Amino acid sequence: MRPTRTTVLLTAGLVTLFGAPAAAAAEAPTSLYVNNGTGSNCSDAGSGTQAVPYCTISAAAKVVQPGQTVRIRTGKVYDESVTLDRSGEPGKPISFVPELVGGAFTDLSGGKLTISGASHVLVQRLITRGGVQVTGSSDIELDRIYSRPGPVNPLVIGGGSTDVRLSRSTVSGILVNGGARGTVLSNNNLSSASASAVAVVDAPGTVITNNTVKGSCAAVVSVSGGSTGSGLFNNVLITEDRNASCTSTDPRNAVLVAQSASAGTLADYNLIAGNPNIAPVPYSWSGTTYKDLPAFRAATGQGAHDILLPSATEVGLWDGSPGVDSADATAPGVLTSDLRGKPVVDNPLVPNTGKNGGHLDRGSTELQDGLTHASIGIDQPWAPVGTEVQVQASSDSRWPTAMNYQIDFGDGTPPVAGQPATGNALLAKHAYGKPGEYTVKVTATNTAGVKVATTQTTKVTPDGPGTVSFTDTPVLPTADDPSAPVRPLTVDFDASSSVTPWPVSHMDVDFGDTSWERFPGKTTARHAFARPGDHKVTVTLFDTKGGKATTTRTVRVDYAPSGYVAAAVPLRLEDTRVSGRTLQGGQSRLFTMPGITFQGPEGQGSGGMASAVVNVTLTNVTQDAFLSVSPQQNDNPTTSNLNARAGGTVSNTVTVPVDERGFVWLRLNAGQADVIVDFVGHYQPNSGQKFSPIAPSRLVDTRTEGVAVAGGTTRRVHVAGVAGIPADVKAVAVNLTSTDATSNSFVVAYPDPANRPAVSNLNPEPGKAKSNQAIVPVNPNGTITLYNHSGSAHLIVDAVGFYGQGGKALFTPVVPQRLGDTRVTGKLGAGATATVAGVPAGAVGAVVNLTATESTGAGYLTAYGFGATRPDASSLNTLPGLTIPNHVTTPVADGKISVFNGPWGGSTHVITDLLGYFSQG
């Protein structure tokens with residue numbers, strides 16, 4: 001773009017002030033480094049390399065050579081006073097700058113910076129609390145100096161110094177004196193609460209340009225002594241109220257120029273304001289005070305373009321402010337960037353009233369257009385190939401008509417560039433020639449050359465009918481996020497890879513389980529299936545033009561392998577003896593398993609329970625009946641979990657999947673009965689402990705000890721470190737057997753002897769040997785405790801597996817399925833072994849419900865891994881005329897289980913139902 005007249009004038013002003021630009025140095029100057037931070041390996045006795053920097057700025061100042069730059073690590077406090085008395089050379093200055101650019105400052109803390117007898121020095125981005133003094137020096141540039149409030153005039157330039165320049169700084173009071181010549185103050189924020197913010201005394205040729213200056217106790221700017229030939233241009237001068245610290249009685253003018261300094265001194269294009277309590281008095285010039293600009297102009301010929309405002313509230317950076325685009329761009333000391341480093345820009349909403357039509361603003365800061373980001377709009381971000389697409393480029397610029405935009409369509413065609421023809425945006429149309437995804441980029445450039453960009457993707461599809469494809473991904477809970485529960489058999493469906501000519505308006509999914517759902521504006525869906533298995537899923541996409549595409553395929557849904565989370569304290573969910581909700585034959589009763597409020601032994605909740613482990617007891621049974629536990633209300637299971645005779649009490653542990661709502665359903669087939677349900681733990685993916693099955697191993701048999709467990713007493717059982725169970729075991733799976741009971745009772749197995757839960761695991765009866773399996777958390781001392789409620793009974797404890805760090809397998813639940821039934825194949829005789837197959841390949845253990853029925857004598861069954869040595873332990877005790885089930889955990893080999901019928905119990909039918917299996921995980 002051709003440079004404007006104002007740009008040329010700005011450049012001319014700079015050349016007038018600083019002379020012709022110096023030739024570029026042949027070589028980049030070397031650097032010295034200062035870093036006093038922890039771990040910096042600094043040394044003031046070193047050479048100031050980046051690897052071994054100086055600890056202090058003073059150390060570098062003593063050795064720096066012409067052309068070298070001292071780079072100071074910021075973010076640290078340098079509590080020192082620094083004197084710079086070494087000089088650079090023309091074109092090879094000595095520089096002190098922050099090592100890290102981008103707004104960082106060197107912090108001198110309470111120290112003072114003194115520049116004495118030096119020349120050709122640059123100091124940039126410095127915070128000082130002790131002030132800055134320049135004496136007897138020349139060609140000194142102080143840029144972005146921040147002097148914190150402190151003594152009067154914290155920045156002093158004097159001692160015959162020449163060509164000292166202070167720019168883009170914030171200083172609380174400046175004194176230029178002592179014969180200093182050619183001092184230039186440009187684009188600074190200057191103020192003083194006790195004296196003149198700028199005092200020039202015996203300092204000829206001082207130039208004060210484009211500063212914002214505030215004073216409250218004296219003249220805002222005072223030029224006195226022999227300070228002839230000075231100049232004040234483009235400044236914003238504000239007279240504030242006096243404050244308690246004011247000691248001066250000097251006149252309250254915006255500018256005071258003494259008679260001794262008036263020769264050759266010029267003032268123009270300044271903006272002068274007061275406050276609601278003080279009407280500004282613009283000038284005291286050569287001994288005469290002028291209360292208005294016409295009188296001042298008539299008497300002195302100065303201030304022809306000055307502006308006088310009654311209140312400082314009218315001074316500021318906004319469109320229409322009198323200080324915007326109204327300064328003299330040719331004045332000495334004019335810079336091309338303001339206090340913030342922002343460039344000089346032309347506000348298109350404001351007439352250019354500066355000298356010769358210039359657009360420089362008055363004061364230290366230049367009003368910018370506010371440009372921070374570009375915006376892009378595509379009317380058809382998804383359309384078939386050949387469709388005309390319109391792209392709109394805009395931005396947050398307050399001056400939109402002055403913006404330049406470039407639109408790159410991302411397909412290799414030439415970008416479209418230009419300014420908004422109408423409105424605030426550039427519009428361009430384009431038709432893509434090939435299908436694909438293209439990234440459209442909009443670049444916005446303002447008049448200052450600042451660029452911002454943004455992108456948006458557009459999808460170009462084939463011109464034809466759509467095609468649908470989708471993925472299915474199981475959704476598993478996150479172990480450490482129980483606040484976001486995930487139900488079992490949850491699957492995510494994603495059809496985003498489908499191709500439709502126009503955007504998808506909605507997606508319909510038939511999940512193949514009698515349910516379907518519509519998803520407006522989406523190509524993703526989540527669904528919790530009621531049952532595992534194969535489901536024919538149909539996905540149909542509808543586009544915005546009425547097009548339709550569909551596909552169907554079979555999706556396999558299975559439970560995920562899970563770890564076991566034992567309840568710290570077993571939880572009683574129901575006791576109909578208390579609630580009065582007696583279970584009726586033919587009735588289904590739901591029980592909600594503990595959800596995210598349940599706390600396991602390690603504090604985690606159930607974020608995604610896959611299956612529950614409950615102990616179920618039937619009592620007060622009115623007629624012979626059986627109970628089934630399953631995850632669905634409308635299941636008609638062919639398996640049973642408990643079988644009871646009229647008037648009897650039976651219990652069994654049940655491992656059962658929960659449904660998509662966290663429910664478990666119980667069904668009694670006949671009569672009525674009271675039911676007691678105790679929650680003892682659950683299995684969950686990505687959580688809990690792994691399991692290792694072991695061949696049943698006897699831990700305790702009180703018959704061999706000769707002492708039954710009396711009612712109201714306990715018996716400790718040591719489990720850690722015995723029978724292949726590791727010392728750090730978390731929970732143990734045991735088969736509990738009672739015999740020789742003297743009365744009806746109940747037995748509780750639990751970890752902490754001091755905290756017995758109000759639940760039961762086994763219900764001894766006189767004349768019957770009864771068994772039930774339990775999963776019991778292990779006390780830190782490696783024991784579990786058995787409590788017998790009444791009478792006395794012998795107790796037998798057989799370990800069948802353990803959970804903990806040494807566990808190797810995860811549990812996968814299944815909908816109960818029958819593996820074997822000797823009622824079909826013939827009874828299992830005494831001393832005989834049956835082989836049951838059908839456990840999934842790769843399983844190392846299984847959870848089965850083992851049922852004995854039509855037994856001819858009192859005996860026992862032992863389940864163990866196929867091909868393994870039969871252990872001397874029992875899994876279930878048979879009784880003639882009774883149907884007895886038991887929850888059994890057993891090792892598996894080659895997908896098979898062996899079931900042995902003891903030698904003295906006669907023949908029996910054996911029914912084996914699979915509840916789940918363990919596999920290496």
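Two strands are said to pair if DSSP finds at least two bridges between them, while the elements themselves are DSSP runs numbered from the N terminus, with helices (H or I) of at least four residues and strands (E) of at least two. The structure is a predicted model, in which local features need pLDDT of at least 70 and side-chain atom pairs count only at pLDDT 80 or more, whereas totals for chains, interfaces and linings use all residues. Residues are numbered from 1 along each chain as its sequence is written, and side-chain values use heavy atoms, with hydrogens and water left out.

By the pairing criterion, strand E28 (residues 374-378) and strand E30 (residues 388-395) are antiparallel partners joined over five bridges, and within this pair Ile 376 stands opposite Ala 393 of E30.

Further along the chain, an open sheet of four strands runs in the order E39-E38-E41-E42 with antiparallel pairing. Because strand E39 (516-520) and strand E42 (548-557) stand at the edges, each with a single partner strand, one side of each is left without a neighbour in the sheet. Neighbouring strands of this sheet are turned by 20 degrees against each other on average, direction ignored, where the axes are lines fitted to C-alpha atoms, for helices over the stretch in contact, and angles run from 0 to 180 degrees between N-to-C directions. Strand E38 (residues 504-510) pairs with E39 in the antiparallel sense over five bridges, and Asp 508 has Arg 518 in E39 as its bridge partner.

A helix completes this tour. Helix H3 (residues 293-300) is followed by Gly 301, whose phi is positive, near 75 degrees.
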